Structure formats: C-alpha cells, structure tokens
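Me: I have a structure open and would like to talk it through with you. Could you look at it with me?

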Amino acid sequence: MALPRPPSSNSSTTLFGVVFVMDDPLTVSPDNTSKVVGRAQGVSASASQKDVSLLLAFNFFFTEGKYNGSMLSVLWRNAPLEDLRELPILGGSGLFRFAQGYAHARTHYLDIVTGDAIVKYDVYVLHY
C-alpha cells in the first residue's frame, strides 16, 4: 500500500492521494446562464495509483422550488475520462427521505490542468 503524499511532492500521473473539496453550483443545464437550483457539495480523493479515478462523497443540496432544503447523497468511484459513469444514490433528506436510485454522469467539459469540470447528471430516484 502506497501512502498519499502532499501535492507539492506528488509525482504520480494520477495525482494519487490528492484531496479536493467541492461546493459547486447545481444548475438545470450545463450552460453558464442556466438557473442555479442548488449546490453539489462534498469531497473527492484521487484513489488510484494506476489510472485517473476518484472516490467521491457528495450531496446534491437543493435551494430552489419544490425541493428547496432537500438533499440527495452519493458515494461512488468516478473515472472522469470514461464517457458514461453510473453512480448510486444512497439516500436523502427532506422530500428525498428514504431515496434510492442512481444517476448517469457524463463529462460535458474537463480541463485537466485546472481540474475545472462541468458534469451532466441524469438522476433517477424513488422516494417517499
């Protein structure tokens, strides 16, 4: 088992061990002018020594409309260079209490240098 090193000493091509914290806008569409309906908040860590793969734990937290104050929780392995990824919806709160389901993620835009990305999520969820 290799121990993660701080980014300043990390020579891994996969950035193994680097941790990112996110608090990103959740919008209706990937366009810059799209309405913000919440936040995608969580943590990701580069968890593979052999390829670009992240462990992500985050929430879709809604701040608008019917779902204002409700949240969906996700924990998954993200390989951002793959075209389509499937992630489990582990649960939720508010109107998404007892939620279960999945989402398909597709990268709309990715800048490897800055780490900036726009990801489209198609979410399919059952809740009470």
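Reply: We can go through the sheet and then a few residues, keeping in mind that this is a predicted model.

Me: OK, how many strands form the sheet, and in what order?
Reply: Seven strands form an open sheet in the order 1-2-3-4-5-6-7, and the pairing is antiparallel.

Me: And which strands stand at the edges?
Reply: Strand 1 (19–27) and strand 7 (117–126) do, and each has a single partner strand, so one side of each is left without a neighbour in the sheet. On average, neighbouring strands of this sheet are turned by 25° against each other, direction ignored.

Me: Over how many bridges do strand 2 and strand 3 pair?
Reply: Strand 2, residues 36–46, pairs with strand 3, residues 54–62, over nine bridges in the antiparallel sense; glycine 38, for instance, has phenylalanine 62 of strand 3 as its bridge partner.

Me: Switching to serine 73, where does it lie?
Reply: Serine 73 belongs to strand 4, which covers residues 71–78, and it counts as partly exposed because its relative accessibility is 21%, where buried would mean under 20%.

Me: What is serine 73 in contact with, leaving aside its neighbours within four places in sequence?
Reply: Its contacts are then Phe58, Asn59, Pro88, Ile89, Leu90 and Gly91. As for arginine 39, which is 34 residues away along the chain, its C-alpha atom is separated from that of serine 73 by 12 Å.

Me: Different topic: which residues form a nonpolar patch on the surface?
Reply: Val52, Leu81, Leu110 and Ile112 do, with about 380 Å² of accessible area together. Leucine 110 lies in strand 6, residues 100–110, and counts as partly exposed at 33% relative accessibility.

Definitions and conventions
Residues are numbered from 1 along each chain as its sequence is written. This is a predicted model: local features need pLDDT of at least 70, side-chain atom pairs count only at pLDDT 80 or more; totals for chains, interfaces and linings use all residues. Side-chain values use heavy atoms; hydrogens and water are left out. Two strands pair if DSSP finds at least two bridges between them. Helices (H or I, at least four residues) and strands (E, at least two) are DSSP runs, numbered from the N terminus. Axes are lines fitted to C-alpha atoms, for helices over the stretch in contact, and angles run from 0 to 180 degrees between N-to-C directions. Buried means under 20% relative accessible area, exposed over 50%, partly exposed in between (1.4 Å probe, protein chains only). Contact means heavy atoms within 4.5 Å. Patches are made of residues with over 30% relative accessible area and no salt bridge: like charges are joined within 9 Å, nonpolar side chains (Val, Leu, Ile, Met, Phe, Trp, Tyr) within 5 Å. Accessible areas come from the Shrake-Rupley method with a 1.4 Å probe; for residues, only the protein chains shown count as cover. A salt bridge is a side-chain nitrogen of Lys or Arg within 4 Å of a carboxyl oxygen of Asp or Glu.
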